[in-house]
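Here is a short round of questions on one protein model. Keep the sequence and the 3D view open as you read.

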Amino acid sequence: MKIDVNGRGHLMIGGADAVELAKRFGTPLYVFDEARIRNMMRVYKSALDREYGGHGKVLYASKAFSCLAMYKIAQSEGLGADVVSGGEFYTAVSAGFPACDVCMHGNNKTLEELKYALDNKIGTVVLDSQIEADVLDVLAAERNIVQDVLIRINPGVEAHTHEYVQTAKTDSKFGFSVSDGAALRMTAHVAGKNSLRFMGYHCHIGSQIFEKQSFAAAASKVLDFMAIAKHAGYEAEVLNLGGGFGVWYNSDDPELGASDYEAFIKTVTDEIKRKCGELGLKLPYLELEPGRSIVGEAGTTLYTVGAIKEIPGIRKYVAVDGGMFENPRYALYKSKYTVLLAGRAGEKCTEKVTVAGKCCESGDIIAVDAPLPEAMTGDIMAVLTTGAYNYSMASNYNRNPVPPAVLVCDGEADYIVKPQTYEDMIRNDAIPERLK
Ligand SMILES: Cc1ncc(COP(=O)(O)O)c(C=O)c1O
């Protein structure tokens, strides 16, 4: 990834000096580059408009990073949003995001979440179980509405970054399998409901995918199934292919530019047009749900280097003031990152170190064997591509406060998530009378 460095050798993010940001807002700090977020939203939207005649919508996958400002940006760029919980939907609604442009996922939405979604006039609910269809039908009838729904299906395509596999059986907690007839049975079930309007199908084949053909293969399989469903009397109007487009984290990953993401869209839309022609289907309204690729590379986390511990012949640990409470991805998936010293971004790397967090957990690591110039206590460290699935997976583990997030635009930085305080962390604690 092209790294912007100023004359002082400092990393620049969205026109702001990262060291100055760390000084002003403290560390750890999530920094988001607004121009990059908007640029990716525009890339997807304009490619879909161009390649598919505007017969579709890009829905920002909230789970990658959800806060009020993100919905403001998505709305101003003409995107819809997907949510996977009442909390994400509440955040969207509170930001003034049009509920009709929101689609709700989840393999086990609670009754409260479904009621909340209907009471706030959510656009679409993606059904993931028969019981959910039954409950939603009753809730919609009680409210005298007919709710638009999609059915989540497993087309038998699983993508794994650079390749995809076709599987006859899908072992997943999500969706209805096409191969064993469950998807068709669910379609019939939903079509029989008076207060649900069957709109089409949703699938999501994986994440951090670089192989364009994976999406084309999924689209092709779903369209084969849509032809079968049509034959059985259930014509789908909407095809939602989920998200999953990959991003650059470190030198193992390809660096994708706008033209590569446009090529993803073109490959998928070309296949949909070809396949619909072959099967005699009308072109479905196409929805895509990118999350990571919209916000991932736009995010950087800044830390201050603290303790440095060298174990001769084994490794050098450079500890920072964050850790798995604000970036759990190494602990969860052994994810790799690119690490820099923000104040010495132009310097040559002279050693490989393990960047450790401050949690009381040996697995609390941010990066292993990260090439760096010799880090000193007090250096500001930057970990790149942390925009997706970091803040959204943050916790108060060890009672560490979740760090704030700032949005940078033309060198100006503003909070989009304010710092959490110790008081915030005990706000919902309670002491039973007998312990007082
Ligand atoms: C249903 C659904 N849509 C969209 C996404 C977003 O995927 P990504 O962030 O990889 O683009 C996910 C991620 O898990 C998902 O489960």
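Q: In which helix is the place of Ala 92?
A: This is a predicted model, where local features need pLDDT of at least 70, side-chain atom pairs count only at pLDDT 80 or more, and totals for chains, interfaces and linings use all residues. Residues are numbered from 1 along each chain as its sequence is written. Helices (H or I, at least four residues) and strands (E, at least two) are DSSP runs, numbered from the N terminus. Ala 92 falls within residues 86–94, and that run is helix H4.

Q: Is Ala 92 buried or exposed?
A: A residue is buried if 20 or more other C-beta atoms, placed from the backbone, lie within 10 Å of its own; 12 or fewer make it exposed, and in between it is partly exposed. Ala 92 has 28 C-beta neighbours inside 10 Å, so it counts as buried.

Q: Which residues does Ala 92 touch, not counting residues up to four places away in sequence?
A: Contact means that two C-beta atoms, placed from the backbone, lie within 7 Å. By that test, the partners of Ala 92 are Ser 62, Tyr 71, Ala 81, Val 83, Phe 97 and Val 102.

Q: Why are the buried residues of H4 on the same side?
A: The buried residues in H4 are Glu 88, Phe 89 and Ala 92. The arc is taken from the directions from the helix axis to the C-beta atoms. They share a side of H4 because they cover an arc of only 100°.

Q: What covers the buried residues of H4?
A: The cover includes two helices and two strands. The strands are S5 (80–83) and S6 (102–104). The helices are H3 (68–76) and H5 (111–119).

Q: Which residue with positive phi follows H4?
A: Look just past the helix for a phi near 85°. The residue there is Gly 96.

Q: Which strand gives the largest share of the side of domain 1 that touches domain 2?
A: An automatic or database domain assignment sets the bounds: domain 1 is 12–28 + 299–386 + 403–418, and domain 2 is 34–295. In all, 13 residues of domain 1 are in contact with 10 residues of domain 2. Strands S21 (405–409) and S22 (412–417) each supply at least two residues of the domain 1 side. The largest share, 4 residues, comes from S21.

Q: How many residues surround the ligand?
A: A residue is near the ligand if its C-beta atom, placed from the backbone, lies within 6 Å of it. The closest are Ala 61, Ser 207, Gly 243, Gly 291 and Arg 292. The full count is 17.
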